[in-house]
Amino acid sequence: MFKKQIELINQLTDKQIVQNLYFTQLLLLSIAIALGFFLFDEIEEFLDLWVIRDYLFVIYGIGLALIVIIVDFIIMKVAPSRLTDDGGINEKIFEKRSIPHIIVLTALIALSEEILFRGVLQTHYGIWVASLIFAILHFRYLSKWLLFTMVVSISFLLGIVYEMTETLYTTIIAHFFIDLVFAIQIRLQFLKGVKKVNE
């Protein structure tokens, strides 16, 4: 299944990859809205997820992002590449995007996924269900136990911080910065490779 997904992605044009990413994220947002409509008794319950009780959520969000980025960097340095290789899918998604486009994409990803997984699923079914579904959604990691464990762990940490701060802003900030840093790193490595080829 993993190999078939890589083959399928390799057949897509750059434009199709971007279109699929936007479609997927807008679909997740639509699912979150639909589920929220049925699961929340009143709109006020959903709006409560956005209440700012204090501004510590910024510190928690950025702090969690930094921890995840540092731990991920260490794992990528010490673990064999066969355990951390996602088949180049993330590279295909981000290497040819401009930095402003990466910001838009990672903001959309953070917003849609956090509304669905923390705001709707975790609120109604708990942290474990939300974390497992989050990891399964990233199915390209299912055949790589280390990547799958990392995704479940990150989702669980996001869930804990969400419960601590009781606002979606925290997890949206954390998710955004995690994805943004990794995406920019992919972009910069791509540009570095292009520069070497042209020298």
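## The largest pocket

Helix 10 is where to look first: with eight residues, helix 10 makes the largest contribution to the lining of the largest pocket. This is a predicted model, and in it that pocket comes out at a volume of about 1500 Å³. Of the 44 residues in the lining, D86, N90, F94, R140 and Y141 are the closest to the centre. Helix 10 (168–198) has company too, as helix 1 (2–11), helix 2 (14–39), helix 4 (56–78), helix 6 (89–94), helix 7 (99–125), helix 8 (127–137) and helix 9 (145–165) each give two or more residues to the lining.

What sort of residues make up that lining? They divide into 26 nonpolar, ten polar and eight charged. As for how such a space gets found, rolling a probe the size of a water molecule over the atoms shows where empty space is left.

## N90, by the pocket centre

N90 deserves its own stop, being among the residues closest to the centre of the largest pocket. N90 sits in helix 6. Buried or exposed? N90 counts as buried, because its relative accessibility is 18% and the cut-off for buried is under 20%.

Setting aside residues up to four places away in sequence, N90 touches R140, Y141 and I186. Two of those partners, R140 and Y141, also appear in the list of residues closest to the pocket centre.

## The overall fold

Stepping back, the protein has ten helices and zero strands, so reading from the N terminus you just get α-α-α-α-α-α-α-α-α-α. Its C-alpha atoms fill a box of roughly 60 × 35 × 30 Å along the principal axes. The radius of gyration is 17 Å, which agrees with the value near 16 Å that a compact globule of 199 residues would have.

Of those 199 residues, 42% count as buried. If you take the contacts with a separation of 6 or more, 83% of them are between residues 24 or more positions apart.

## Helices 4 and 9

Helix 4 behaves as a helix of its length should: its 23 residues at 1.5 Å a residue ought to span 33 Å, and its end C-alpha atoms are 33 Å apart, so the two agree. Its buried residues are F57, G61, L64, A65, V68, I69 and D72. An α-helix has 3.6 residues a turn, so residues three or four places apart point the same way.

Helix 9 tells a matching story about length, with 21 residues reaching 30 Å from first C-alpha to last, close to the 30 Å expected at 1.5 Å a residue. Its buried residues are L146, L147, M150, V151, V152, S155, L158, G159, V161, Y162 and T165. Just past the end of helix 9, E166 takes a positive phi of about 55 degrees.

## Around helix 9

Several residues elsewhere tie in here. T84, in helix 5 (residues 81–84), is buried because its relative accessibility is 16%. Beyond its neighbours up to four places away in sequence, T84 touches M76, A79, L146 and L147; L146 and L147 are among the buried residues of helix 9. Then there's E163, which lies in helix 9 itself. With a relative accessible area of 49%, E163 is partly exposed, and its contacts outside the four-place window are Q122 and I127. E163 is 27 residues along the chain from I136, and their C-alpha atoms are separated by 22 Å.

I52 is in the loop between helix 3 (43–47) and helix 4. At 38% relative accessibility, I52 counts as partly exposed. How far apart in space are I52 and T165? Their C-alpha atoms are 8.9 Å apart, although 113 residues separate them in sequence. Leaving out residues up to four places away, I52 touches F57 and Y169, and F57 is one of the buried residues of helix 4.

## L121 in helix 7

Last, L121, which belongs to helix 7. L121 counts as buried, because its relative accessibility is 8%. Not counting neighbours within four places in sequence, L121 is in contact with L35, L116, G126, A130 and I133. A79, on the other hand, is 32 Å from L121, C-alpha to C-alpha, with their positions 42 residues apart in sequence.

Key:
Residues numbered from 1 in each chain as written. Predicted model: local features only at pLDDT ≥ 70, side-chain atom pairs only at ≥ 80, totals over all residues. Heavy atoms only, no water. 1 Å grid on protein atoms, 1.4 Å probe; cavity = no way out; pocket = protein on both sides within 12 Å on 5 of 7 lines; lining within 4 Å. Points joined across faces, edges and corners; volume = space filled by probe spheres on them. Helix = DSSP H or I, 4+ residues; strand = E, 2+ residues; numbered from the N terminus. Nonpolar A, V, L, I, M, F, W, Y, C, P; charged D, E, K, R; others polar. Expected span 1.5 Å × (residues − 1). Buried < 20%, exposed > 50% of the residue type's maximum accessible area, 1.4 Å probe, protein only. Rg over C-alpha atoms; globule rule 2.2 N^0.38 Å. Contact = heavy atoms within 4.5 Å.
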